[in-house]
Amino acid sequence: MSTALVWFRRDLRLADNPALSAALERHEQVLPVYIDDADAESPWAPGGASRWWLHHSLASLEHHLRALGSRLILRRGGSLEQLSQLVTLTGAEAVYWNRLYEPAFVGRDKHVKEVLRESGLIAESFNGALLFEPWQLKTGTGDPYRVFSPFWRNAQPRLQERLANGQVPLPAPTALSSPGKLPDSASLESLHLLPRIAWDAGFHQTWQPGEAQAHERLQRFAGGPAARYREQRDLPAVDATSGLSPALHFGEVSPLQLVVRMQRLSASKPVAGIHANAEWFVRELGWREFAHHLLFHFPRTPEVPMYDKFGAFPWRARHEYAADLSAWQRGRTGVPIIDAGMRQLWRSGWMHNRVRMIVASFLTKNLLIPWLEGARWFWDTLVDANLANNTLGWQWSAGCGADAAPYFRIFNPVLQSAKFDADGDYIRRWVPELAKLSGDALHAPWQAKPAVLRAAGVALGQTYPQPIVDLAESRARALAAYERIKAT
DNA sequence: TGAAATGTTGGGGCG
DNA sequence: ACGCCCCAACATTTC
């Protein structure tokens, strides 16, 4: 009997899983494995929210595998060491996995592949996470892209062509036969993925990790919000986005599955503008592709600005900004849209993308706090924390990255709030102490008449903070700071 | 996937 | 009637 290991990492699904499909095609027995390899992940080991998701997603995968008559073997320790042990124990002759693109994993996986092959095994990796491998797309001069528009101009038609040629996701296996004698598995609890203090209470109300739940969410999205995606995706009070970012991060769904679902939707639904809406959603997947493309080709960007001149940017010093950073993290800045976003993040492990841009602009420009502080906080608190997307997002917001917002593009959080949360429903939901305010007073309570505040039971400095910065002053300060590095 | 300052235009009030 | 001015509305430029 020929046996293969399938090394699951961030492809926690059975359907459209190229490594799993290859193993099933070529071998009689397949052993699914997950390894908790903490050492390999530094300095971007998954944060608390991400680990919470991982715990439940692994439990879900194990459940699905058992339904097929299989198991998920959990191991702790070095990846190569654990794989080698499992190969010996099972007599496996092959190891398959789907690729990761973070700098910490690219090198490790290459080494694992080499060593396994040297010992006479089949070791093969697949693309299960991206529509395009980062090395597949190149500019006319053969360089990696640094600007999204030309990147997508190249990628999008190629994607269309593949769909037109009938590419579809791989089916999920209906049965999975494992070796008779299974190696020992660590318990899920022994991986200590859940937080020690129960700050995850709000997560359960919002999220159900797992492949089946991801498809339910996709179904819900395709059945309604997708048709209004382009107009409503920027409104944080409306449930207009797919909410699939964590599922995509952990590979509970593949981008190809989403693209094909959107294609089916455009083709089937006689709703005006459905095509443009579906296309816009796919374009957002394009940003995800672009982020992975950049991370692969510029592996230092999680810590270092893409453009050197930003190395000299006059950020405030830690001792100057410590209190402001803490206020931002806790949602106590005194600017309602900022506080609503930061509290949504803390409570639910997620923040609407429009609000991510607003809070990022506020941190880096109004507060002049280094973008890496924001990136680290998001990393620890987002259930969808993803190094490629997080890095792109923060460098874009700070203005120091590829295809970044120009440095002078400073969001005015009050205007953004009035524009995208016009009725204030989002603020009221997450900042309940302001719930009785409305209109301009809700978006900028410090400008409201005292009587209005009193009537709403708001006492600035007591029930809700005074703003920690003056928006106009800090805008000018940021422009002056950027002016200093402009020429160099 | 900005905001604010500055410039331009044209309707209407008014002497 | 006419010119002047104000200013909203929109466009362009600048940060």
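**Questions on a predicted model with DNA strand B**

Student: What are the buried residues of helix 17?

Tutor: This is a predicted model. Helix 17 covers residues 413-420. Its buried residues are Pro413, Gln416 and Ser417.

Student: How wide an arc do they cover around the axis, and where does that put them?

Tutor: The buried residues are Pro413, Gln416 and Ser417. They cover an arc of only 100° around the axis, so they sit on the same side of helix 17. The arc asked for is 100°.

Student: Which helices do the buried residues of helix 17 pack against?

Tutor: Look at the partners of those buried residues. One is helix 13 (336-348), and another is helix 14 (353-366). The list is completed by helix 19 (439-443). The names are helix 13, helix 14 and helix 19.

Student: Is Ala247 buried or exposed?

Tutor: Ala247 lies in helix 9, residues 245-249. A residue counts as buried if 20 or more other C-beta atoms lie within 10 Å of its own. Ala247 has 29 other C-beta atoms within 10 Å, so the answer is buried.

Student: How many Å separate the C-alpha atoms of Ala247 and Arg217?

Tutor: These two residues are 30 residues apart along the chain. Ala247 touches Arg217, and also Ala214, Glu252 and Val253, leaving out residues up to four places away in sequence. The separation of the C-alpha atoms is 9.6 Å.

Student: Where does Leu368 lie, and is it buried or exposed?

Tutor: Leu368 is in the loop between helix 14 and helix 15 (371-381). The cut-off for buried is 20 or more other C-beta atoms within 10 Å. Leu368 has 20 C-beta neighbours inside 10 Å, so it counts as buried.

Student: What is phi of Leu368 near?

Tutor: Most residues other than glycine have a negative phi. Leu368 is a residue other than glycine, and its phi is positive. The value is near 55°.

Student: Which residue in the loop between helix 5 and helix 6 has phi near 50°?

Tutor: The loop lies between helix 5 (148-164) and helix 6 (201-206). Its residue with this positive phi is not glycine. With 13 C-beta neighbours inside 10 Å, this residue counts as partly exposed. The residue is His192.

Student: Which two residues does a cis peptide bond join?

Tutor: Most peptide bonds are trans. Here omega is about -5°, and the bond is cis. Pro43, one of the pair, is found in the loop between strand 2 (29-36) and helix 2 (48-67). The pair is Ser42 and Pro43.

Student: How many Å separate the centres of domain 1 and domain 2?

Tutor: The domain assignment gives domain 1 as 3-129 and domain 2 as 130-168 + 212-297. The contact takes 13 residues from domain 1 and 15 residues from domain 2. Taken over C-alpha atoms, the centres are separated by 26 Å.

Student: Which helix gives the largest share of the largest nonpolar core?

Tutor: This core has 132 residues. Among them, Leu5, Val6, Val33, Val95 and Tyr96 touch the most other members. The largest share is 8 residues, from residues 274-297, which form helix 11.

Student: How many residues of the surface near DNA strand B are nonpolar?

Tutor: The residues around DNA strand B include Phe148, Trp287, Arg409 and Gln416. By class, this surface has 2 polar residues and 1 charged. Its nonpolar residues number 7.

Definitions and conventions. Residues numbered from 1 in each chain as written. Chains lettered and ligands numbered in written order. Predicted model: local features only at pLDDT ≥ 70, side-chain atom pairs only at ≥ 80, totals over all residues. Near = placed C-beta within 6 Å. Nonpolar A, V, L, I, M, F, W, Y, C, P; charged D, E, K, R; others polar. Core = buried A, V, L, I, M, F, W, Y, C linked by C-beta atoms within 7 Å. Buried ≥ 20, exposed ≤ 12 C-beta atoms within 10 Å, placed from the backbone. Helix = DSSP H or I, 4+ residues; strand = E, 2+ residues; numbered from the N terminus. Arc of directions from axis to C-beta. Contact = placed C-beta atoms within 7 Å. Domains from an automatic or database assignment.
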